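Student: I should like to take a close look at a single part of this structure, the second largest pocket, and then at the elements around it. How much space lies in that pocket, and which residues line it?

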Amino acid sequence: MPRRVQPTFRIPALAELTRQLLFAPPQRRIDQVLRSERLHDQIEPDIAYPLEFIVYRVTGYRSAYQQEELLVGSAILPDLRLLIDALSASVDMPPSADDPADPPAALAARLHVSTRTLARWRALGLRWRWNTPPAGRRHLVYPRRAVDAFLKHHPDLLLQAAAYRRIPHAQRAALLDRARRIAHRRPVSLNQVAAHLARRTGRALETLRQ
C-alpha cells in the first residue's frame, strides 16, 4: 500500500508527482530517490527552474505541460526533501557502501551536536532518507553526502554548536533556569528570552537560543 503523502508541500505539482511516483515499482522508486537527491544538492535557492526540468531530473522522463511553469529553488528544495522522504519510506531501500549514511545518534556523536540540532538542521535544508538494513527495521538516516553539502553552505552552524558546548554545565543549567523563570513571568518567545540572556551575559544570541 503506497504511503500517504502529508499535505505539507509548497508546490501542488510536486505533491501530485509524489503521489503518482508512490505507485511505481520498488526499484524505480529507489532510482527516483537517488535522482532526487542528486538534484537536491544542485538546486540553487535563488534560481527559477522549469517544472518540466524538475520532473525530468526526478523521473528520467520528459513530460509536456500546457504552460511553462517556473519554480523558484527555495520552494523546490523543501518539496524535494518531502518527496525523498515519502519515496524512501515506501520501499525497502538498502544501505550502500558507495553512499554511506548515519542514523541520527551516530551523526550527532560524530559532529558533537544533539539529535534535536539535527532535526532543526532538516528545517534549514539537511536532507534525509529512510534505509532498511538486511535484518532490521526501516529507519531514518542522513547520507554523508547530504551532510557535507549542507555544512558547506552553513559552516557557521558547527561553530555555534562548539560555542554551546563550551558553556560549563553548571552555567548552562543556571541559564536554563533563568529562561524558565522569564517564560513563566510573561508571554515571550524563545528568541526574546535568548536575546534577554544574551544582553545580560554577553554571549552570542544563537548560542543561547540553542
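Tutor: In this predicted model, the second largest pocket holds about 390 Å³ of space. Its lining is formed by 19 residues, and those closest to the centre of the pocket are Pro45, Leu77, Leu124, Gly125 and His154. Three elements each give two or more residues to this lining: helix 4 (73–89), helix 6 (115–124) and helix 7. By character, the lining residues of the second largest pocket comprise nine nonpolar, six polar and four charged.

Two of these helices lead to other parts of the structure. Let us begin with helix 7 and the sheet. The sheet is open and has three strands in the order 3-5-4, paired in antiparallel fashion. Strand 3 (101–102) and strand 4 (129–131) are the edge strands; each has a single partner strand, so one side of each is left without a neighbour in the sheet. In general, the strands of a sheet pair through backbone hydrogen bonds, in either a parallel or an antiparallel manner. Here, strand 3 and strand 5 (residues 139–143) run antiparallel and are joined by two bridges. Within this pairing, Asp102 has Tyr142 of strand 5 as its bridge partner. Helix 7 (residues 144–153) packs on the sheet, where it touches strand 3 and strand 5, and its direction makes about 55 degrees with that of strand 5.

Now consider helix 6. Helix 5 and helix 6 pack with their axes 9 Å apart, at an angle of about 100 degrees. Angles of 65 to 115 degrees count as roughly perpendicular, so helix 5 is roughly perpendicular to helix 6. Helix 5 contributes Pro104, Ala105, Leu107, Ala108 and Leu111 to the contact, while helix 6 contributes Thr115, Leu118 and Trp121. The residues of this contact of helix 5 with helix 6 are seven nonpolar, one polar and no charged.

The loop between helix 5 (104–111) and helix 6 contains His112. Most residues other than glycine have a negative phi. His112, although it is not a glycine, has a positive phi of about 60 degrees.

A further helix pair may be set beside this one. The axes of helix 2 (residues 26–40) and helix 3 (residues 51–59) come within 7 Å and cross at roughly 130 degrees; helix 2 and helix 3 are therefore oblique to each other. In their contact, Gln32, Arg35, Ser36, Arg38 and Leu39 of helix 2 meet Phe53, Ile54, Tyr56, Arg57, Val58 and Thr59 of helix 3. The residues of the contact of helix 2 with helix 3 divide into five nonpolar, three polar and three charged.

Methods. Residues numbered from 1 in each chain as written. Predicted model: local features only at pLDDT ≥ 70, side-chain atom pairs only at ≥ 80, totals over all residues. Heavy atoms only, no water. Pairing = 2+ DSSP bridges. Helix = DSSP H or I, 4+ residues; strand = E, 2+ residues; numbered from the N terminus. Contact = heavy atoms within 4.5 Å. Axes fitted to C-alpha atoms, helices over the stretch in contact; angles between N-to-C directions. 1 Å grid on protein atoms, 1.4 Å probe; cavity = no way out; pocket = protein on both sides within 12 Å on 5 of 7 lines; lining within 4 Å. Points joined across faces, edges and corners; volume = space filled by probe spheres on them. Nonpolar A, V, L, I, M, F, W, Y, C, P; charged D, E, K, R; others polar. Parallel < 35°, antiparallel > 145°, perpendicular 65-115°, else oblique.
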